[in-house]
Amino acid sequence: MNATIVSCCDVGRTYGTGPTALVALHGATCDVDAGRRIALVGPSGSGKSTLLHLMAGLDRPTVGTVDWPAIGPIEALRPGPVGVVFQRLSLLAPLDVGENVAMPLLLAGTDPTEAHDAALVALATIGLADLVDKLPEELSGGQAQRVAVARALVGRPVLLLADEPTGQLDHESAAAVVDALVDAAERSGAALVVATHDPIVADRLDDHWHLHDGALDTGDSSPRRTTGAPPTTAPPQEARS
Amino acid sequence: MTTLAWIRGLLARRTGRIASTAAGIAVGVALLATIGAFLGASKATMTQRSIARVAVDWQVEAQPGADPGTVLDAVRTQPGVTDAVPVGYGHTDAFTAAPGATTQTTGPGFLLGLPADYRATFPGVVRDLAGATNGVLVAQQTAANLRVAPGDTITTTLPGGTTSDLTVAGIIDLPTADSLFQQVGAPVGAQPQAPPDNVILVPAARWHQLYDPITATDPGAATTQVHTTLDHGLPTDPAAAYADVTGQANNLETRLAGSGLVGDNLAATLDAARSDALYAQVLFVFLGLPGAVLAAMLTAAVAAAAADRRRGDQALLRTRGATTGQLVRLALAEAATVGILGAVAGLVAAWVIVAVALPTSAAAGIGWQVAAAGIGLVTAGLVVGWPAWRDARELNVVGARRRIVRDTSPRWMRYGLDLILLGLSGLVFWSTSRTGYKLVLAPEGTPQISVDYWAFTGPALLWAGIGLLWWRLTHVGLGHGHRPLTSAATASVGSLGGTVASALTRQRRLLARGLVLVALTVTFAISTSVFNATYRQQAEVDALLTNGADVAVTESPGVVVGPDDATEIGATPGLGGVEPVQHRFAYVGSDLQDLYGVRPDTIVDATQLQDAYFQGGTARDLMARLGDQPDSVLVSAETVRDFQLHPGDQVTLRLQDGRTKQYSPVDFTYAGVALEFPTAPSDSFIVANADYIAEQTGNDAIGSFLVDTGSTDPTVVANDLRTQLGTSAQVTAIGESRRVIGSSLTAVDLGGLTRIELGFALVLAAASTGLVLGLGFVERRRFFAILSALGARGRQLSAFVWSEAILVTVGGITAGILGGWALSGMLIKVLTGVFDPAPSSIAIPTTYLAAVLAASVAAVVATVAVVVRRASHTTPTFLRDN
């Protein structure tokens, strides 16, 4: 049996307090094991991004717990073990492609020359080595998102998370980005979780987890894999995507 | 309808963007409106002081053949005239007196006949020095020439040879002798160079006894003037008051139809005041304008920080089908909203500032308020409306979303605009310096005065050129400085050094903008504060020059004291030094001039001698020369010119000998030119070594003592000395001189303006450093959010933030100090005419500048702390939503 990378137990996330509180996610319980390819699907506002950010350690749950048994405490997640590709273009505008991709390694204290070489390798992996000196503004949307994938890969992650990576791309570019993600995950053996509402993207992945109004359905009926009951105190007004 | 909905949306959901931009505009509007208020108050002060200085508003002289009674009636019935009294001006051939063993005889002089109520009506004309206050009163210099005292008899020789004996009742001074003995109706250049030396005042009845028989056969032996006071309910602006008074005088002359001419003393004084007022207007506007421009630039920076979001809004509207025209309308509506809010807030702020900061009841004229508000609206149009309009017309949806473009040199840089501006500035400065910086032009015979705004072009071009030059240097330096930046950054952040350097290099346009804003603000703060400090310094010097020292003790006529009496005066507790100064009269050829005998080694113990007072050497050099070569003499530039003197030439003066009481020749050696000297008149005078004068004349009598009060209040010392010395001397404190200096610009209390401008400069300096950095970070919130999401620790985020903060702040402040130094020097040179006397050196207000520095550094530290904290706590939703 594969090792569990991230484990969510009855996780909920509420934004704000009082009457304006917004319940984005509630009672989500799931495990992501090494090597799995999961599509997190659901309509806009269903809580996909919220769950992804909790898995990435970018946000903290208001209820429940998130653990990373194969990695360690939350401080150990980044830079390195967890790679994230964001929903919108997320390259650092003043830095060129090479510097963008090398950034996670530089933040981890890697020697700049080694970091640059590793960035070149990551870019070559997804076929963008010739863009190393370009600025983000000089890339197309698809290229920029593939560079973001390279950046997520450069730290040799065990968990690759992508939040609507093709949301603003045409089909051709979207396909290239998904190819890059899947190929990278297969090569590195990392678990891959992609939040998307695009069925074409979802079809490229093995497992489909559904989110609706903040409730997660992993398609597994065992108690460990099912979502919890919605909260009774504060019904969700509008869940976030 | 769409526009209204858009405005409502902006106000409700873009509150920060609207409020911060409006606040920037409000600062500029408030600055201009408060300066307007201060200018109005200053002009009113100038008018009031001018009016107060005039002892006799009009001197209406009855022309030969005219009946003085008719002229008097015409003047009394002239609207605006409150009092009018006739004064007889009788010529005399000589005054003779024999108070001792010798007989003294003067040349021609004047016998004035004053009505009984004259002194009550015109209290500023006559000042009592000794003896009675009515009867036969002898002018101080006449008494000195004749060596008479109250009780002595003077024989007056009238035209035609008639003589009459007059018994001296008192000795008086005529502070306004120049105007009292003016040639009525003659232009300024044709006026007598000096008032008559020999003057005696007698009661009107006595005067008529003496002159009525003579004028019956010789009408030219005497004239009658009608001395007049006017209703002083004049406009507060000196120019308007001048026009008002001149109009009244012209009206009277028309009514007199040639029987009388008006000597308009009030208009003459207001004429000088209106020049000063124009100076003030130029000065205040010129000092305030950079502040308003800076406020506009800061506003533009604020607006630019919101540009991405605005472009995003526009792109969204365009995708929903909005036309370019609709987008432009919305942009203009936003500009109008911001402009109106800013203008209203600025005017309200100005009202509050004026009420709190200005001691007088000043209020900005409606013209200033409208102009300030108008400038606010134009600023809003330029910094908000124009970029939005440009984007709406030029950007497509993709372009609107771009956040950064590859940094190329701006077009102005390629054309060398900064160097052109600096070159032009130097050219204009050189050109205007040749004309002696006559900023306010008042051509003789032309009623209109004007300002030579051309002279201000030099500093303005320098300001703009310096700003652009800093931009170029920052841009080029960052563009080519990747390696040294990397080395510097690596030393503090290790492997991230190269990336930090890359970020700095690629954002050089943004950083250059911030650095230039900081630099220009610091330049503004320095140039404004240095100018204000120098202005205060020169105002103090002016007062010191007029009074002579903190306290001046002037001996009354007939009172003879020697230099040793300084010890008695110096016994007053708390004094810094007491210096005796001889005051005599000496003939230079046929010209009688004031002669000051000083002790060259110790004169500076009691007063200040500035280099600007002299030509031919510094103050120290020339005093040393007077000490080393006791027969040295300093004379006026006019004397040098008239007598074609060269250094080392022998100058023979005639001084009164203390033993024979006769004027005898004494040889001196011309050593230099004295333009100004403490207590000396503004026209020709002589400065020499007191010991040499005493040796040559056998008389060491002291005319006045100059007292340095040290840390003690001069008024307290003056009061003590008055008690100690009684009526034997006149004691004046420096504060009294400040009040009577008159309407000259340095006499205007700039305290309110200083508080306003320095307050604004301080706020702008702190705002520019903090705001510029803060806005720069706001513009790149996403950059820091992404860094944080990638796993950057607080220390690593700080490296990025601090690298920019240090570059912008240290670079900006350093550049600002250099620019401030250059601009201050040029400003003070250009505004030399404002200072009287011209400053020897600029004054540097170190405390204020330290406060500016501290405020800027504090603003930077606070901004960096907030930015790092916020970047470290960026939520992932920010990345998704922005």
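Chain A contains six helices and nine strands. The model is predicted. Of the 241 residues of chain A, 52% count as buried. Contacts in this chain often link distant parts of the sequence. Among those with a separation of 6 or more, 73% come from residues 24 or more positions apart.

Chain B has 30 helices and 25 strands. Its residues number 882, and 51% of them count as buried. For contacts in chain B between residues at least 6 apart in sequence, 82% join residues at least 24 apart.

The two chains touch. Chain B contributes 26 residues to the contact, and chain A contributes 26 residues. On the side of chain B, the elements giving two or more residues are α18 (497-506), α27 (781-789) and α30 (876-881). Helix α18(B) gives the most, with five residues. By class, this side of chain B holds twelve nonpolar, nine polar and five charged residues.

Helix α2 of chain A spans residues 97-107 and is mostly covered. Eleven of its eleven residues are buried. The buried stretch starts with Val97(A), Gly98(A), Glu99(A) and Asn100(A). Val101(A), Ala102(A), Met103(A) and Pro104(A) are also buried, as are Leu105(A), Leu106(A) and Leu107(A). The cover comes from both chains. It includes α3 (112-125) and α4 (141-153) of chain A, together with α18 and α28 of chain B. Just after α2(A), Gly109(A) takes a positive phi of about 95°.

Helix packing within chain B is considered next. Two packed helices are described by the angle between their axes and the distance between the axes. Helix α16 (residues 454-480) of chain B packs with helix α28 (residues 794-830) of chain B. Their axes come within 10 Å and cross at roughly 165°. An angle over 145 degrees counts as roughly antiparallel, so α16(B) is roughly antiparallel to α28(B). The crossing of α16(B) and α28(B) is right-handed. From α16(B), the contact uses Ala455(B), Phe456(B), Gly458(B), Pro459(B), Leu462(B), Trp463(B), Ile466(B), Trp470(B) and Thr474(B). From α28(B), it uses Gly811(B), Ala815(B), Gly819(B), Ala822(B), Leu823(B), Met826(B), Leu827(B) and Val830(B). These residues divide into 13 nonpolar, four polar and no charged.

A second helix pair in chain B joins α9 (residues 265-305) and α19 (residues 508-547). The two pack at an angle of about 160°, with their axes 10 Å apart. Helices α9(B) and α19(B) are therefore roughly antiparallel to each other. The crossing of α9(B) and α19(B) is left-handed. Helix α9(B) brings Leu287(B), Pro290(B), Gly291(B), Leu294(B), Met297(B), Leu298(B) and Ala301(B) to the contact. Helix α19(B) brings Leu517(B), Leu520(B), Thr521(B), Phe524(B), Thr528(B) and Phe531(B). By class, the contact has ten nonpolar, three polar and no charged residues.

The strands of chain B come next. Strands of a sheet pair through backbone hydrogen bonds, either parallel or antiparallel. Strand β5 (residues 109-114) of chain B is mostly covered, with six of its six residues buried. Both faces of β5(B) are covered. Gly109(B), Leu111(B) and Gly113(B) are buried on one side. Phe110(B), Leu112(B) and Leu114(B) are buried on the other.

Strand β5(B) pairs with β2 (residues 81-92) of chain B through five bridges, and the two run antiparallel. Tyr89(B) has Leu112(B) as its bridge partner in β5(B). Strand β5(B) also pairs with β11 (residues 199-203) of chain B, in the parallel sense and over five bridges. Here Leu111(B) has Ile200(B) as its bridge partner in β11(B).

An open sheet of chain B has four strands in the order β4-β3-β8-β9, and the pairing is antiparallel. Strands β4 (104-105) and β9 (163-167) of chain B stand at the edges. Each has a single partner strand, so one side of each is left without a neighbour in the sheet. The partnership of β8 (residues 153-157) of chain B with β9(B) is antiparallel and runs over five bridges. Thr153(B) stands opposite Thr167(B) in β9(B).

Terms used:
Residues are numbered from 1 along each chain as its sequence is written. Chains are lettered from A and ligands numbered from 1 in the order in which they are written. This is a predicted model: local features need pLDDT of at least 70, side-chain atom pairs count only at pLDDT 80 or more; totals for chains, interfaces and linings use all residues. Two residues are in contact if their C-beta atoms, placed from the backbone, lie within 7 Å. Ala, Val, Leu, Ile, Met, Phe, Trp, Tyr, Cys and Pro count as nonpolar, Asp, Glu, Lys and Arg as charged, and the others, Gly among them, as polar. Axes are lines fitted to C-alpha atoms, for helices over the stretch in contact, and angles run from 0 to 180 degrees between N-to-C directions. Angles under 35 degrees count as roughly parallel, over 145 as roughly antiparallel, 65 to 115 as roughly perpendicular and the rest as oblique. A crossing is left-handed if the near helix is turned anticlockwise from the far one by less than a right angle, and right-handed if clockwise. A residue is buried if 20 or more other C-beta atoms lie within 10 Å of its own, exposed if 12 or fewer, and partly exposed in between; C-beta atoms are placed from the backbone. Two strands pair if DSSP finds at least two bridges between them.
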